[in-house]
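Here are some short exercises on charged pairs and on a ligand site. Keep the structure open beside you and try each task before reading its solution.

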Amino acid sequence: MEKICVAVRVRPPICHENSSSTFWRVDDNQISLHKLHGSPISGVSYTFDHVFDENCSNSDIYELLTKDIIHAAVDGFNGTAFAYGQTSSGKTFTMNGSSNDPGIIHRAVNDIFQKINMISDREFLIRVSYMEIYNEEINDLFAVENQKLQIHENLERGIFVAGLREEIVNNAEQVMKLLESGEVNRHFGETNMNARSSRSHTIFRVVIESKGKDTGSFGDYSSSDAIRVSVLNLVDLAGSERIAKTGTGGVRLKEGKYINKSLMVLGNVINKLSDSAKRRAHIPYRDSKLTRILQPALGGNAKTSIICTVAPEEIHIEETKGTLLFASRAKRVTNCAQVNEVLTDAALLKRQKLEIEELRWKLQGSHAEVLEQEILKLRNDMLKYELEREKLEMELEKERRSHKERDQYIKEQLMMIENLSSLVSDGDGSSSQGSMKESPIEECHNRGDDFKTPCFKTAPKAFVAKRSNYSQLPDFSPLPDSFSDVADEDTWFKINKGYIADLDSLQTTPARKVQSFPPEDVTPNYLNKKYKKELQNLKRRLELVTEEKNELQRKLAEDIEVKDRLKGDISKLKQEALLAREMPQRLCDSVTSFKDTYEEVLSKMQRYTFDGKSSTAKLLRCISEIGSILFSTMETSISNTTDRHKLSSGNDSLIQEYNKMLSEKLKSTITSLILSETASSEDKQTKTSCSCNFEVVASSRYHVSILVLFFVMILGYFVPFFRTLIF
Ligand code: ADP
Ligand code: MG
């Protein structure tokens, strides 16, 4: 266990203030605030590993603070150096430097190559990448097209940025050129405090792989053939800023908020880590991309140094105090760095460096350089294909997820249709309620032509089977795009705290699926052919992946079509349901208007019966009674129908009983009337003239016949209508 190395650097004052009443004084490794006449202000004094005053150079800082970490990285330790401080305090100056006084990054790169050239018993392979975190998005500074990259984690590679371009390099000049090209893509902006303020955090990453030269024959990957893989991060953070001072607005304001937020998370992580181990609980690495990427450097398997830059001016006194407080906390953080040796095939060097040596050995100097360049180019090409493939696999994964979501959506739609159709079926009085409990998919099979909703269950299955035939997806970390507070602390402790000496679980370089050469035939032609074949293989795989993507797109189009059809069905069903719901009310209205008409006709007819004692009057009364019973029964039943729960099957038999009873009553009234009418007409026959009697009888029978006919018509119309309504 070792503590993080923390230093403070005071930048030269930009303008000399006349009215200042305090100043920062540097004595050895101590910095304290003093009053103008020299007496120290109590409580504002801090001690660090190093404190550099305004006269120090980048070279001093490199020698005292960073050099050891760089050398350790060459020896297989992970290393991180980063600059922290308020905006315009000199972070970028410290990391990048100027032409007269190169910064830490330039010095580190030169030093790495110098050191590896001096190590004669090991072979090295160096890869570099350059990224920035801008507005909480990771962009590749070596390849502008690689934007919004995702952080993943697996046991083989540890925490890594998927799709980030890595370049294999073999001298410092090559790295400088790459850095220059990357610098162009970086986000800078003007604020009141810095004309060229860094608006993003940048991480320059060097992966150093090395292996001892004294191994056995080529291609013999014996257990002694251990590869060291270390990752060196050189980080230039964007500065924390007070909006009031930087005078930012619009885009700058938004950037400032993201910068401050991620620095706050960094502060939280340092605070948590500086608590004693017992009190230390959850470390919120996942709260920002910066802390997630720097996770190994903060309390993990890495040697880390922090240079905290401060501005000496009195107006920045609060920010300076804040930075010094952060530095004091960081000083208490301990890391557990160890040499990362891997025995797996994951190390790229293990395969590539052997091949270079084989070539050298075979060619014995002739054309070796030209061929080496060619090989380097081919390797870089392969690396790019690998990255491309990685990206495509990620896209496929995304596609798969959205496909699943669509499936879910379609299932929900089906359920909705089921619900609607059951509503409509209930409205129709159909007795299929039991079958509604079947699953939507079974339903779909059972219905046949009645309900033409397509079945979707088989499509995803078919897709999954095909997918698994083709390739296995990489193990992506469960880290979602948006941050969550759930850190996989167990895995993290296993990998980075060194409690378990499981070398496979250490942070290693990406696994490249490049096959090593067979040892028997190693002529340059053979090697070139081999590489070409490899490239062709990669292309073929790319084609397969593209095909699969196209198939997915086709399926997506099909799904959309089906979804549209479903939407149409749903709206039709909704309309039907609406009609069904309105039906009882409409019937009720019709019955009321029929009743009115019926009562009006009856009352008119009753008016012509004079004394009300004639047989016609009796018949009309009877019809009126029956009619009002019939109408009120109908009205009650209709209102019951609107509330389905009140409707019981008993209603049906009740209505039939009513029907029967009313018919019988009517029949008996008519029969009795006809009989009495016949008797009275026979009586009268003896007293009055024939012609006159004939008219009376004919007139009475005529009225009765009309009324009976009228009533039968009403019954004949309403009873079936009424029965339809009930059922
Ligand atoms: P930051 O990256 O912290 O926002 P910069 O590194 O861009 O700040 O520094 C702001 C300005 O101050 C730049 O013009 C830089 O050249 C200058 N500067 C910072 N530190 C020093 C130093 N130690 N010596 C000379 N100039 C410095
Ligand atoms: Mg800067």
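A salt bridge here is a side-chain nitrogen of Lys or Arg within 4 Å of a carboxyl oxygen of Asp or Glu. Please keep in mind that the model is predicted.

**Exercise 1. Find the salt-bridge partner of Lys 67 and describe how the two residues are placed in the helix.**

Step 1. Start from the lysine nitrogen: the partner of Lys 67 is Glu 63, and the closest N and O atoms are 3.3 Å apart. That lies within the 4 Å cut-off.

Step 2. Now look at the backbone. Both residues belong to helix α1 (residues 58-74), and because they are four residues apart, about one helical turn separates them.

Step 3. Check the surroundings: Lys 67 has a relative accessible area of 23% and is partly exposed, and Glu 63, at 42%, counts as partly exposed too.

**Exercise 2. Work out whether Arg 400 and Glu 397 are each buried or partly exposed, after locating their contact.**

Step 1. The two side chains meet in a salt bridge, 3.5 Å from N to O.

Step 2. Both sit in helix α10 (residues 368-428), three residues apart, which again amounts to about one helical turn.

Step 3. Buried means under 20% relative accessible area. Glu 397, at 14%, is therefore buried, while Arg 400, at 30%, is partly exposed.

**Exercise 3. Which parts of the chain does the salt bridge between Glu 2 and Lys 303 tie together?**

Step 1. Confirm the pair: the closest N and O atoms of Glu 2 and Lys 303 are 3.2 Å apart.

Step 2. Glu 2 lies in strand β1 (residues 2-3) and Lys 303 in strand β17 (residues 303-310), so the bridge joins parts 301 residues apart in sequence.

Step 3. Compare the ends: Glu 2 is partly exposed at 30%, whereas Lys 303 is buried at 19%.

Step 4. For context, the whole structure has 21 salt bridges, and Arg 127, Glu 166 and Glu 209 are linked in a network of them.

**Exercise 4. Describe the shell around ligand 1 and its polar contacts.**

Step 1. Count the neighbours: 12 residues surround ligand 1, with Ser 88, Gly 90, Lys 91, Thr 92 and Phe 93 the closest.

Step 2. Sort them: two are nonpolar, seven polar and three charged. Helix α2 (residues 91-96) gives the largest share, three residues.

Step 3. Trace the contacts. A polar side-chain atom of Lys 91 lies 2.8 Å from a ligand oxygen, and a backbone N or O atom of Phe 93 also lies 2.8 Å from an oxygen of ligand 1. Arg 9 places a polar side-chain atom 3.5 Å from a ligand nitrogen.

Step 4. Finish with cover: the protein covers 73% of the 560 Å² of accessible area that ligand 1 has on its own.

How values were computed: Residues are numbered from 1 along each chain as its sequence is written. Chains are lettered from A and ligands numbered from 1 in the order in which they are written. This is a predicted model: local features need pLDDT of at least 70, side-chain atom pairs count only at pLDDT 80 or more; totals for chains, interfaces and linings use all residues. Side-chain values use heavy atoms; hydrogens and water are left out. Buried means under 20% relative accessible area, exposed over 50%, partly exposed in between (1.4 Å probe, protein chains only). A residue is near a molecule or strand if one of its heavy atoms lies within 4 Å of it. A polar contact is a pair of N or O atoms within 3.5 Å; within protein, one must be able to donate a hydrogen and the other to accept it, and residues adjacent in sequence count only if both atoms are side-chain atoms. Accessible areas come from the Shrake-Rupley method with a 1.4 Å probe; for residues, only the protein chains shown count as cover. Ala, Val, Leu, Ile, Met, Phe, Trp, Tyr, Cys and Pro count as nonpolar, Asp, Glu, Lys and Arg as charged, and the others, Gly among them, as polar.
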